[in-house]
Amino acid sequence: MPSKQGAHILVIEDDDSFRRTVVQMLERSGYRATPVPGFAAAIEIIESSEPVDLLLTDIRMPAGTPHGVAIAQMAQLRRPGLKVVYMSGSYDTADISPLVDDARILQKPFLRNTLIESIEAALA
């Protein structure tokens, strides 16, 4: 189990400003965070030998690209056991909970402490 200081989190978010904010929150809390704008960049890292402990992904992505749930499923096929936390600003968590098994879903906007609690619980 990775320690907080050693955990590497891949942050998949298409909104540049929000992605930067989330990465800053994670880094200020002692995590290593790699920002990626979407599917192609995420899968490139997942298929590399770079260690990734957790995928933090937005559910809704731009039209014509895989949504966050599909990205997470593809990533977990390539890296079994990869932890996932989802972010959503447009879905009711009750509507999407059946799609994401027991993964955590953060409703945007969220506070830093809510983010960190979800990350720590997923990594535990």
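Let's start with one pair of residues in this predicted model: Met87 has Leu106, in β5, as its bridge partner. That bridge fits into a wider pattern, since β4 and β5 pair in the parallel sense over four bridges.

Now step back to the whole sheet. Strands of a sheet pair through backbone hydrogen bonds, either parallel or antiparallel. Here the sheet is open and has five strands with parallel pairing, in the order β2-β1-β3-β4-β5. At its edges you will find β2 (32–36) and β5 (104–107); each has a single partner strand, so one side of each is left without a neighbour in the sheet. Following the sheet from one strand to the next, the twist averages 20°.

Next, look for α1. This helix lies across β1, β2, β3 and β4, and runs at about 170° to β2.

What fills the nonpolar core? In soluble globular proteins, nonpolar side chains tend to be buried together. The largest nonpolar core in this model has 21 residues, and Val22, Leu26, Leu56, Leu115 and Ile119 are those with the most contacts inside it. At least two residues of this core come from each of β1 (8–12), α1 (16–28), β3 (54–58), β4 (83–88) and α5 (112–123). There is also a second, separate core of 18 residues, with Leu10, Ile46, Ala72 and Tyr86 among them.

Leu56 is a good place to finish. Leaving aside its neighbours within four places in sequence, Leu56 is in contact with Ile9, Leu10, Val11, Ile12, Val22, Leu26, Val85, Met87, Leu106, Leu115 and Ile119. Among these contacts are Met87 and Leu106, the bridge partners where our tour began.

Note on methods
Residues are numbered from 1 along each chain as its sequence is written. This is a predicted model: local features need pLDDT of at least 70, side-chain atom pairs count only at pLDDT 80 or more; totals for chains, interfaces and linings use all residues. Side-chain values use heavy atoms; hydrogens and water are left out. A nonpolar core is a set of buried Ala, Val, Leu, Ile, Met, Phe, Trp, Tyr and Cys residues joined through side-chain atoms within 4.5 Å. Buried means under 20% relative accessible area, exposed over 50%, partly exposed in between (1.4 Å probe, protein chains only). Contact means heavy atoms within 4.5 Å. Two strands pair if DSSP finds at least two bridges between them. Axes are lines fitted to C-alpha atoms, for helices over the stretch in contact, and angles run from 0 to 180 degrees between N-to-C directions.
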